[in-house]
2 protein chains.
Amino acid sequence: MPHASRSSAPTRASHGSVLDDLGLRIADGVLAPGTVLTLAGLEEEYGVSRTVIREAVRVLEAKGMIESRRRIGVTITPMSRWSVLDPVLIRWRLSGSTRPQQIVALTELRLAIEPVAARLAAQRASELERAEIGRLAGLLKQLGDAGKGDSEEYLSADIAFHDRILEAGGNLMLTAIKQPIAEVITGRHNAGLTPAHPLHGALHNHVEAATAIVRGDADGAERHVRGYVETILAEVRAEQ
Amino acid sequence: MPHASRSSAPTRASHGSVLDDLGLRIADGVLAPGTVLTLAGLEEEYGVSRTVIREAVRVLEAKGMIESRRRIGVTITPMSRWSVLDPVLIRWRLSGSTRPQQIVALTELRLAIEPVAARLAAQRASELERAEIGRLAGLLKQLGDAGKGDSEEYLSADIAFHDRILEAGGNLMLTAIKQPIAEVITGRHNAGLTPAHPLHGALHNHVEAATAIVRGDADGAERHVRGYVETILAEVRAEQ
DNA sequence: TTCTTGCAATAAGTACGATCATTGTGGCAA
DNA sequence: TTGCCACAATGATCGTACTTATTGCAAGAA
């Protein structure tokens, strides 16, 4: 028996919602790899036209999540072929049941990317960028010392700090993980996982990293950024 | 006057070829950010139906390369919003006029990812994976010493070596860059940029990295992998 | 029995025309 | 000048029809 229609009322923004729902279900494993669907079935299930289903399927296919073959249908592909760095896919996986593992995987990715971005930033950042990174580090320190590590202000300064470093690295491939990182930071903040008084070592590393970037010390920048990402990684691994 | 049709003969595999051509033109800057197209115009230009154009547009939209708005048309978005880690987009950029910059950017990404993957591999790899990595390093050494650094055999062993390390790291987000890396390695090989006698230091680093992974020495693995990626980075920067 | 060949069924791929929905723009009135 | 409103442009969705590739199965040959 086919699934019941998921949208009793005529849905707005069909493409987006179908894509999002399908993507979520696949990313979360509800539709396991190997599962075979048909366009006709999806058409009925979502109560939308062929066009909408096809476009959603094409997008998912472009992300490597499904494979469409004549005479067979639409097959969910094994996770090893997914474009796991795709921002949208990362969001889907962060909102599914595998969120904890995703956060660890993403933090490992941060451990790879951020120190190198910091090194490049120390070499390439403009004066404006250096000043801004220094300013943000000072703000973080000030807020942290004042016991406001769990405030909205700290959160936005934290995100901005990491964003500016990634940007100052001057390599778009390194800045590409900005958004997922911001989402993880925000998620941890909203879950109450960021203490009012940040760990002294981590805060110190932030300030030192900024100082190193400002004065063009590539080794120092890399080392201190690695230092605080390792702190975060230890935390998220412990939380799992 | 609209462009002449690009396909006089009724094209096979319409979706793929339209997507590829459009993606290439955007990635290469032939269609610059800000350029506005219309579905009708594309339909006529490629001589295919709306269905095909729409699906290609959706996929490019999912990659952040274009934005489709009613009453306006389809606009090429600024590069800062592209999903530059998308394997297909990387391939497009590697085959366009910006190939040299892409190779440098990708190698900087390797400098971030591979050492961390090697560290994780030293901690997590299975016995089978360790053995395979050791075997491949031995093969590379043997071929390199024999002056076969420019052979097909060396090329495939080199790619396999890097792939196995990324896989053994056990983090899909780190393995995601396998394919682009392989393409760059292959491209440099085919361009005659890999010498028959590989640089002694680089070869040594490969062997030492493998040894470190085999014996579970995370620091050593990370250090030696970073060593040879830095060598490669210096080379590709010099080639630019 | 076993292998090849061809037919038929299936489901995706492509095409087309109609209609809906949104939104920028220009005109008109206050 | 300002603000409201109607119009038109264009993507979004729909439904249908036709095309093509793939696969399974059956019939026939070896």
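Q: In this predicted model, what makes the pairing of B:Arg58 with a phosphate oxygen of DNA strand D a polar contact?
A: An N or O atom in the B:Arg58 side chain sits 2.9 Å from that phosphate oxygen of DNA strand D. A polar contact needs a pair of N or O atoms within 3.5 Å, so this pair counts.

Q: What does a polar side-chain atom of B:Arg54 lie 2.9 Å from?
A: That would be a phosphate oxygen of DNA strand D.

Q: How do you know that A:Arg50 makes a polar contact with a base of DNA strand D?
A: One of the polar side-chain atoms of A:Arg50 is 3.4 Å from a base nitrogen. The cut-off is 3.5 Å, so the pair qualifies.

Q: Which residues come nearest to DNA strand D?
A: Out of 22 residues around the strand, it's A:Ser49, A:Arg69, A:Arg70, B:Arg58 and B:Arg70. On the DNA side, sugar and phosphate make up 71% of the strand D atoms that come within 4 Å of the protein.

Q: How do the residues of the surface near DNA strand D divide into nonpolar, polar and charged?
A: There are 10 charged, 7 polar and 5 nonpolar residues.

Q: Which element gives the largest share of that surface?
A: Helix 3 of chain A, with 3 residues. Chain B chips in too: its helix 3 (50-62) and strand 2 (66-69) each supply at least two residues.

Q: What makes the two copies related as by a two-fold rotation axis?
A: Chain B lands on chain A with an RMSD of 0.0 Å after a turn of 180 degrees and a shift of 0.0 Å along the axis. Hence the two-fold relation.

Q: How do you know that the copies meet through the same surface?
A: Because 100% of the interface residues of chain B are interface residues in chain A as well.

Key. Residues are numbered from 1 along each chain as its sequence is written. Chains are lettered from A and ligands numbered from 1 in the order in which they are written. This is a predicted model: local features need pLDDT of at least 70, side-chain atom pairs count only at pLDDT 80 or more; totals for chains, interfaces and linings use all residues. Side-chain values use heavy atoms; hydrogens and water are left out. Copies are superposed by least squares on the C-alpha atoms of residues with pLDDT of at least 70 in both. Contact means heavy atoms within 4.5 Å. A residue is near a molecule or strand if one of its heavy atoms lies within 4 Å of it. A polar contact is a pair of N or O atoms within 3.5 Å; within protein, one must be able to donate a hydrogen and the other to accept it, and residues adjacent in sequence count only if both atoms are side-chain atoms. Helices (H or I, at least four residues) and strands (E, at least two) are DSSP runs, numbered from the N terminus. Ala, Val, Leu, Ile, Met, Phe, Trp, Tyr, Cys and Pro count as nonpolar, Asp, Glu, Lys and Arg as charged, and the others, Gly among them, as polar.
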